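User: Hey, can you walk me through this one? I'm new to reading structures.
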Amino acid sequence: MGQIIGITGGIASGKSTVSLYLQELGFTIVDADLASRAVVEPGEEAYHQVVEAFGEDILLTEGNIDRVKLGSIIFNDQEKRLLLNGIVHPAVRNWMRVKTEAALSSGEETVFMDIPLLFESKLTFMVDKTLLIYVDEQVQLERLMNRNGLSETEALARINSQMPLADKKALADAVIDNNGDINETKRQVKGILSEWYVI
Ligand SMILES: CC(C)(COP(=O)(O)OP(=O)(O)OC[C@H]1O[C@@H](n2cnc3c(N)ncnc32)[C@H](O)[C@@H]1O)[C@@H](O)C(=O)NCCC(=O)NCCS
Ligand SMILES: Nc1ncnc2c1ncn2[C@@H]1O[C@H](COP(=O)(O)OP(=O)(O)OP(=O)(O)O)[C@@H](O)[C@H]1O
């Protein structure tokens, strides 16, 4: 049997931080951001489709996709973002399904999927429960600018390309408030997992 818990949030809301903690607790995390890198490695089907759609200008000299350049295109242009999503998302879903099934069939009882666009892409059918990693918009903006070295305008473009975290709150089965320090967040994660009989 086994169950799948979907971790979601917004850009820089703390999903990877929570996932790392869950990994330390011994759980398998299947990460959509990792998947979105793997499926556009040179030679993969989605790689060829991305190059065809966006042109060879988005390649680095050794042939890999220039993620900074592609990001600066798609976070400022909804049509281009939907074009990229249409190519990459089906391959990401497949990759995640395969990894998750492998973990479950090896006997793991709970596997976590880290999916930033879980609600935007209507992927709740892929998981049994949803856990939202929430921060206030000002904290999100500051953490994103710091982590990625972005200007306020660039960071806001990214935040605004996603469903507001306040709206995601209403859709999630449980919410972790990650505005405080990491220990406070870890305490909340443990509390919810024990409420859900996961630990
Ligand atoms: C645009 C790309 C090349 C930028 O790569 P980069 O390495 O800089 O960022 P990374 O992939 O680590 O994503 C960071 C965060 O950006 C946000 N994000 C990424 N893609 C999108 C998108 N299409 N729409 C909204 N937010 C997005 C997510 O919160 C994600 O966690 C890359 O994000 C991408 O290929 N995006 C399309 C696939 C996708 O939707 N990925 C998100 C999970 S499936
Ligand atoms: N509770 C916290 N206190 C202080 N800094 C934090 C906290 N949680 C996360 N951070 C920092 O905020 C930034 C974003 O966190 P993280 O990378 O976990 O977010 P994310 O949701 O996985 O982002 P993305 O999906 O966009 O990659 C990181 O630099 C991280 O170290």
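User: Let's start small: what is the bridge partner of Tyr134 in β5?
Analyst: Tyr134 is bridged to Asp177 in β5. Strands here are DSSP runs (E, at least two residues), helices are too (H or I, at least four), and both are numbered from the N terminus. Heads-up: this is a predicted model, where local features need pLDDT of at least 70, side-chain atom pairs count only at pLDDT 80 or more, and totals for chains, interfaces and linings use all residues. Residues are numbered from 1 along each chain as its sequence is written, while chains are lettered from A and ligands numbered from 1 in the order in which they are written.

User: How many bridges join β4 to β5?
Analyst: Four, and β4 (residues 129-134) runs parallel to β5.

User: OK, and what's the strand order in the open sheet?
Analyst: It goes β2-β3-β1-β4-β5, with parallel pairing; strands pair if DSSP finds at least two bridges between them.

User: Which strands stand at the edges?
Analyst: β2 (28-31) and β5 (174-177) do; each has a single partner strand, so one side of each has no neighbour in the sheet.

User: Switching to helices: at what angle do α1 and α9 pack?
Analyst: Helix α1 (residues 15-24) and helix α9 (residues 182-195) pack at about 60 degrees, their axes 11 Å apart. Axes are lines fitted to C-alpha atoms, for helices over the stretch in contact, and angles run from 0 to 180 degrees between N-to-C directions.

User: Which residues of α1 meet α9?
Analyst: Thr17, Val18 and Tyr21 do, meeting Ile182, Thr185, Lys186 and Val189 in α9. Contact means C-beta atoms, placed from the backbone, within 7 Å.

Notes: Contact = placed C-beta atoms within 7 Å.
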